[in-house]
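Reader: Please take a close look at one part of this model, the aromatic ring pairs and the strands that carry them. Then set that part against the rest of the chain, including the cysteines and the confidence scores.

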Amino acid sequence: MEETAVKVHRCRFVDFTPSPVTALAFPPLPLPTNKSSQPSRPKFGTLAIGHANGNIDLCSWTGSQNALQSPQAWVVSKTITGLYPSKVDSLAFSIKEPQLSKNDDVPPLSVLRLFSSGGGSELIEWDIQQLCVRRTLSSQAGAIWSIAVNPASTLLALGCEDGSVRILSLADDNLTHVRRFDRIKSRLLSIAWGPPVLKDVTASTSTTERDYEWADSWLVTGGSDSSLRKWDVKTGRPSERMNVDKMRGERTLVWTVCVLGDGTIVSGDSLGMVKFWDSKTCTQLQSFQGHGADVLCLTISPEGSVVYSSGVDQKITQFSIVKSQTGEGASSSQPSRRWMQASSRRMHSHDVRALATWPPYSPLPPAHKRRFPVDVAPILVSGGLDMSVVVTPAALPGNTVVKITNPLATSTEATFADSYHRRLAYASGPFNAPAIKVSRGSRLVSCMHDASVSIWQINATPSDATGQPSMAETDGWEKLLDMDLAVHTNLIASSLSDDGKWLVVSDLYESKLFSLAFNDKGELTPKRIKSFSSVISTQLALSPASSGGLAFAFTPDSSKLLMSSTLLSTILQLGERVTKPLPGDGDGDVDMDAPESSTLAQSSTLLSHVIRITVSSDGQWAATTDDRARTHVFNLDSLQHHCILPSFAQPAQTLAFDPATTSLLTLVFPDNSIQIYDVEARQFPSWSKDLISTVSQRLSLTHDSVIGIAFDPAATKYALLWGSTWMCKIPMDGSSTSGGSSKKRQRRESLKRNLASTASADPQRTELKMITRYRPILFAEFIAPGELLVVERPLVDILAALPPAYFKQKYGAS
């Protein structure tokens with residue numbers, strides 16, 4: 001591949017700040033129906049990430065159905081925008097109809113319910129399909145401090161400000177108050193359900209088969225009065241009280257509790273103590289000074305033999321259960337198993353607020369304990385104020401007989417103490433779409449925040465006599481506009497026209513269009529087009545009226561705007577004199593749920609959301625992709641639906657038309673595989689098969705998922721793929737160069753030696769150019785021929801705006 005030189009505008013002035021991670025949740029597994037269960041490996045479920053700005057990211061596993069490894073791990077597939085202002089403190093999944101779910105089957109999003117609380121008195125249930133609030137319910141007891149769904153997914157418990165536990169019924173897809181426990185004089189900061197009991201509910205007249213159901217017997221809460229309480233579910237009263245340590249007479253806050261299948265209670269408090277309690281006698285079994293400051297979160301390994309804790313001191317501590325030695329000096333009353341503090345690691349740079357493990361743990365009695373294969377390591381997920389989600393293999397250290405597979409492919413080791421962790425790249429915008437947009441004609445850069453938009457201008461680069469850029473660093477850019485908006489929810493999408501005269505932004509319910517112009521003083525002034533929202537609402541005919549958009553795209557001549565609705569699967573084309581829905585194969589609006597072929601007919605009742613729109617450089621073609629992995633192509637000249645591409649395993653992360661051959665559509669997926677499609681011929685070009693195979697194989701081992709694709713107008717034979725920590729140039733004309741430098745090839749092979757899938761890689765392959773000097777990348781795009789704009793946001797710059805992290809100077813340390 002021939003070398004090409006471009007000017008790079010390395011921008012770090014964009015003040016985008018991702019929101020801290022405050023909650024994590026995995027969907028629960030259905031409870032077993034019998035005692036005998038064979039070890040099975042569940043598929044990877046959806047990861048829900050709650051943020052301090054109220055947004056909830058739903059992340060999908062990027063690996064294929066049968067693959068044990070995926071270097072990209074979880075990638076954001078959907079974003080539920082929170083109300084502005086709001087926050088997410090707790091998250092919990094439940095299963096809609098648990099009696100219909102099979103044992104060990106991972107429930108899909110369509111059968112899940114998602115609940116959250118944000119420090120107020122309202123419990124919010126989210127509509128996962130519509131991506132909006134489904135219903136809210138007042139706790140009737142003040143602020144909600146903690147929530148927990150019982151193992152059977154039939155009840156939801158709230159720990160409230162006034163010291164009472166409120167029990168809500170989830171039966172029949174409803175949400176209603178059913179019980180209120182006795183009130184105590186303490187905030188209930190944490191709550192957890194005890195192991196359920198399997199009861200015989202067979203009618204007396206039936207003698208053929210026995211019917212059983214799971215029933216809850218007790219739950220435990222941690223309070224602000226230096227104590228834990230065990231509650232009887234039948235009576236609604238606290239049956240026992242367990243007191244934790246105090247320091248100088250001050251109250252200790254029990255921030256987190258969890259329960260094991262044998263009834264052992266684990267608590268973490270504001271003194272950094274992790275304590276284990278016997279639920280039968282309500283006495284302390286063991287106590288560990290695991291942290292130097294508050295313990296904010298706990299989680300349990302899938303087998304229930306390991307407990308992880310973390311908090312303010314940024315350290316994740318592992319507690320393992322071991323068999324105690326029984327010998328001549330051992331007392332006969334000594335328990336046969338004890339907990340020990342096995343190891344600890346510091347993988348975050350600020351407070352850790354949430355922990356979760358996959359597969360999730362179910363507190364089942366020992367007779368019904370769920371078993372998992374030991375040859376695949378579970379994954380520990382953590383998140384906190386440093387805005388990053390960290391995933392770590394967490395296999396049991398005692399297993400040395402079977403070779404353990406690391407699902408993240410970060411290292412050959414898969415234990416928590418020895419494996420390499422991986423930091424997931426923070427998304428720069430909802431739906432993992434960049435919040436930064438570029439206007440090539442006017443060299444403007446816009447950045448969308450929660451409720452505001454900022455615009456900068458990139459000045460042209462003059463050259464000296466030698467042809468090299470001669471510009472001071474401070475003269476390269478200029479901030480033109482900061483615009484605060486009145487919104488109902490956090491902003492979800494934005495776009496900037498190529499001529500720099502139009503800006504469109506939208507929250508979940510309303511889109512706003514602004515015309516941009518410079519006044520006599522050279523200041524950029526926006527003017528809102530007030531009729532824009534009403535025109536969209538008229539076309540969509542929603543009740544109540546809504547004009548929100550999930551994705552926007554201006555045509556290259558800036559005369560038309562394409563948008564997708566947030567609440568309907570409809571694409572609108574808006575021009576100066578016409579506003580028209582793009583039609584499908586028949587008359588009327590494009591119904592993205594209408595079956596285009598027999599393979600889509602069964603799933604046509606589910607709502608889809610168009611999350612990406614791209615327009616060809618000549619303005620003839622438009623392509624869209626939705627969250628159900630379907631890609632549609634429209635002809636903008638005739639305003640007709642042109643074709644639908646075959647459905648892929650995952651929705652496309654990004655898609656773009658080649659400016660040299662405007663009919664070539666390139667799609668890139670979260671697992672870093674690519675597809676090239678000729679929309680005019682309605683087929684995949686034969687010359688692209690080798691390129692697709694080579695690029696997909698080479699990029700599949702890259703740990704960060706692709707975010708975008710860019711084409712240089714000056715070098716139309718190449719495309720630039722980019723992720724958070726890498727940029728890769730690939731040929732788009734089917735050409736390939738064999739080999740490459742032997743040292744590079746040897747180094748590359750040594751890094752991949754642990755993966756058997758690459759052992760037979762062909763040495764005669766396309767030599768892809770990979771650049772890793774820019775990181776973390778929020779956005780990359782060509783603003784002119786031979787001029788590349790790269791927007792970076794280093795983690796140190798983000799952490800500088802936060803309060804100082806916990807640090808304790810050790811005696812004698814320099």
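Author: A residue is called buried when its relative accessible area is under 20%, and exposed when that area is over 50%. The model is predicted, and this cut-off is applied to its coordinates. Cys 59 has a relative accessibility of 2%, so Cys 59 counts as buried.

Cys 59 lies within the numbering of strand β4, which covers residues 56-61. Trp 61 belongs to that strand as well, and its ring pairs with the ring of Trp 74 in strand β5 (residues 74-80). The two ring centres are 4.8 Å apart and the planes meet at 70 degrees; because planes over 60 degrees apart count as edge-to-face, the pair is put in that class. Trp 61 and Trp 74 are 13 residues apart, and the pair links distant parts of the chain. Both Trp 61 and Trp 74 are buried.

A second pair is made by Phe 276 and Phe 288. Here the centres are 5.9 Å apart and the planes are at 85 degrees, so this pair is also edge-to-face. Phe 276 sits in strand β22 (residues 273-278) and Phe 288 in strand β23 (residues 283-289), twelve residues apart. Phe 276 has 0% relative accessibility and therefore counts as buried. Phe 288, with a relative accessible area of 13%, is buried too, because the limit is 20%.

In the whole structure, a search finds 16 aromatic pairs. Ring pairs join Trp 61 and Trp 74 to Phe 26, Phe 44 and Trp 358 in a cluster.

The other cysteine to consider is Cys 258, which has 9% relative accessibility and so counts as buried. Its number falls within strand β20, residues 254-259. Five of the six residues of β20 are buried, so this strand is largely enclosed by the rest of the structure. Strand β20 pairs with strand β21 (residues 265-269) in the antiparallel sense, over five bridges. One of the bridge partnerships joins Thr 256 to Gly 268 in β21. Together β20 and β21 form a hairpin with five residues between them, and Gly 263 in the turn has a positive phi of about 95 degrees. As for sulfur bonding, the structure holds zero disulfides. A disulfide is a covalent bond between the sulfur atoms of two cysteines.

For contrast, consider a sheet elsewhere in the chain. Three strands form an open sheet in the order β1-β56-β55, with mixed pairing. Its edge strands are β1 (7-11) and β55 (777-784), each of which pairs on one side only. From one strand to the next, the twist averages 20 degrees. Strand β1 and strand β56 (residues 787-792) run in the parallel sense over five bridges. Within that pairing, His 9 has Leu 789 of β56 as its bridge partner.

Last, the confidence scores. The protein chain averages a pLDDT of 86, and 85% of the residues score at least 70. Over residues 327-332 the pLDDT is below 50, and this stretch has one contact in the model beyond near neighbours in sequence. Residues 585-605 also have a pLDDT below 50, but that stretch has 41 contacts beyond near neighbours in sequence. Where pLDDT is low, the predicted coordinates should not be read in detail.

Key:
Residues are numbered from 1 along each chain as its sequence is written. This is a predicted model: local features need pLDDT of at least 70, side-chain atom pairs count only at pLDDT 80 or more; totals for chains, interfaces and linings use all residues. Side-chain values use heavy atoms; hydrogens and water are left out. A disulfide is a pair of cysteine sulfur atoms within 2.5 Å. Buried means under 20% relative accessible area, exposed over 50%, partly exposed in between (1.4 Å probe, protein chains only). Two strands pair if DSSP finds at least two bridges between them. Helices (H or I, at least four residues) and strands (E, at least two) are DSSP runs, numbered from the N terminus. Axes are lines fitted to C-alpha atoms, for helices over the stretch in contact, and angles run from 0 to 180 degrees between N-to-C directions. pLDDT is the predictor's confidence in each residue, from 0 to 100. Contact means heavy atoms within 4.5 Å. Rings of Phe, Tyr and Trp (its six-membered ring) pair if their centres lie within 6.5 Å; planes under 30 degrees apart count as stacked, over 60 as edge-to-face and the rest as tilted.
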